[in-house]
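Dear colleague,

Please find below the structure that I agreed to pass on to you. I would be grateful if you could read the notes after it with the coordinates open.

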Amino acid sequence: MSIIFDPADRGASQNAAQGHVAQGGAAQNGAAQEIPASVRNAMELNPNAAQSAGEQGGEQTPSAPTWRYEVNTPEEFQKFVQLSSQGAVIFALYAPHSPSSLQMLEGVQKLVDSAAGTMICAAVDVTKLPEAAQVFGVSGVPAGVAVLAGRPAPIYTGPVSAEDLGDVLSQVLQLAAQYQLPGGFDPVVPDDEKPLPPLHAEAVAALDRGDLEGARAAYRKAITENPGDKEAKLGLEQVELLARVKDLDMATERAAAAADPMNIEAAFNVADLDLVGGHVEDAYNRLLRLFSAVGPDDKARVRERLVQLFDVVGASDPRTVKARAALTMALF
């Protein structure tokens with residue numbers, strides 16, 4: 001199995017990477033040449049690092065470094081294209097509903113990780129970023145495209161064996177060496193090891209000393225400086241929740257809610273207290289029942305509080321997914 005690049009492309013400016021890939025498969029036309037047999041296997045990856053594309057690979061050691069990066073937005077896609085001016089970037093296109101594409105992705109990751117920073121794996125979920133498939137002229141998954149100095153070349157379409165995959169990625173590394181693109185990529189830093197941005201750290205420190213106002217101010221400043229800072233928005237929602245329950249008495253609020261099930265403030269307070277106490281489903285169910293019971297004028301208010309709690313718990317939490325679906329059903 002061999003890969004085809006155009007050696008003449010090496011003279012193109014590396015800064016033109018974005019424009020090159022925007023041309024899609026055009027880089028494969030013209031004076032394309034096969035890698036000479038004399039150099040084809042000069043740099044070998046360990047095929048044992050990946051099992052056959054038809055088999056599920058073993059689990060990674062949790063502490064082992066990885067060079068697999070997720071590509072979720074057009075901006076991230078262009079960033080990784082531009083990184084190909086440093087070394088080989090292997091775009092592994094997959095879809096969550098395609099087991100073979102997930103197995104190929106794992107195989108690529110294992111081989112890339114065995115190369116220890118000489119190349120990186122850019123994992124692209126085409127259901128989230130269909131533009132990537134369009135750019136590369138890919139009509140289905142699994143599919144892989146190697147990019148060197150902004151120039152793309154397909155390396156697999158459909159499942160391939162671990163041996164063939166290792167062979168083709170070895171060829172990519174050989175070409176990268178010829179093009180003087182040594183890689184030197186840093187591994188992915190786990191989220192729990194990434195340093196907090198200064199304002200986030202300031203907010204956390206304020207929370208640690210019980211200064212809710214200080215934490216609120218730090219998160220608000222972070223949002224002002226970066227309106228797209230989702231973590232700061234989540235942090236602010238959490239601070240507001242803590243501020244709401246700070247002076248509440250659980251017994252008093254439960255008694256008020258039991259005495260008048262239509263008491264919106266009491267229901268809100270009990271739901272907040274339940275959430276802080278870890279009783280997420282109880283909080284959701286209480287507000288869902290309230291939403292169904294109140295009149296049209298109050299539904300927006302209850303829905304807004306539910307959405308706030310969804311944000312605090314997390315959109316991907318199964319309890320949130322279930323409650324959001326129930327809210328959607330109640331809306332109609």
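The notes below concern the nonpolar cores, one helix pair and one single helix.

Please bear in mind that this is a predicted model. Its largest nonpolar core has 50 residues, and those with the most contacts inside it are Ile 90, Phe 91, Leu 93 and Leu 165. Two or more residues each come from α3 (74-83), β4 (88-94), α4 (99-114), β5 (119-125), α5 (130-136), β6 (143-148), β7 (151-157) and α6 (162-178). Beyond its neighbours within four places in sequence, Leu 93 is in contact with residues including Ser 101, Val 124, Ala 132, Phe 136 and Val 141. Another core, of 23 residues, lies apart from the largest one; Leu 241, Ala 267, Leu 290 and Val 294 are among its members.

Turning to the helix pair, the axes of α11 (residues 264-276) and α13 (residues 296-313) come within 12 Å and cross at roughly 10°. Since angles under 35 degrees count as roughly parallel, α11 and α13 are therefore roughly parallel to each other. Among the residues that meet are Ile 264, Phe 268 and Leu 275 in α11 and Arg 301, Val 302 and Leu 309 in α13. The residues of this contact comprise 8 nonpolar, no polar and 5 charged.

Helix α7 (residues 198-208) has four buried residues to note: Leu 199, His 200, Ala 203 and Ala 206. Because they cover an arc of only 120° around the axis, they lie on the same side of α7. Their cover includes α8 (212-225) and α9 (230-245), whereas the exposed Pro 198 and Asp 208 are on the face turned away from the buried side. After α7 comes Gly 210, with a positive phi near 80°.

With kind regards

Terms used: Residues are numbered from 1 along each chain as its sequence is written. This is a predicted model: local features need pLDDT of at least 70, side-chain atom pairs count only at pLDDT 80 or more; totals for chains, interfaces and linings use all residues. Side-chain values use heavy atoms; hydrogens and water are left out. Buried means under 20% relative accessible area, exposed over 50%, partly exposed in between (1.4 Å probe, protein chains only). The arc is that of the directions from the helix axis to the C-beta atoms. Contact means heavy atoms within 4.5 Å. Axes are lines fitted to C-alpha atoms, for helices over the stretch in contact, and angles run from 0 to 180 degrees between N-to-C directions. Angles under 35 degrees count as roughly parallel, over 145 as roughly antiparallel, 65 to 115 as roughly perpendicular and the rest as oblique. Ala, Val, Leu, Ile, Met, Phe, Trp, Tyr, Cys and Pro count as nonpolar, Asp, Glu, Lys and Arg as charged, and the others, Gly among them, as polar. A nonpolar core is a set of buried Ala, Val, Leu, Ile, Met, Phe, Trp, Tyr and Cys residues joined through side-chain atoms within 4.5 Å.
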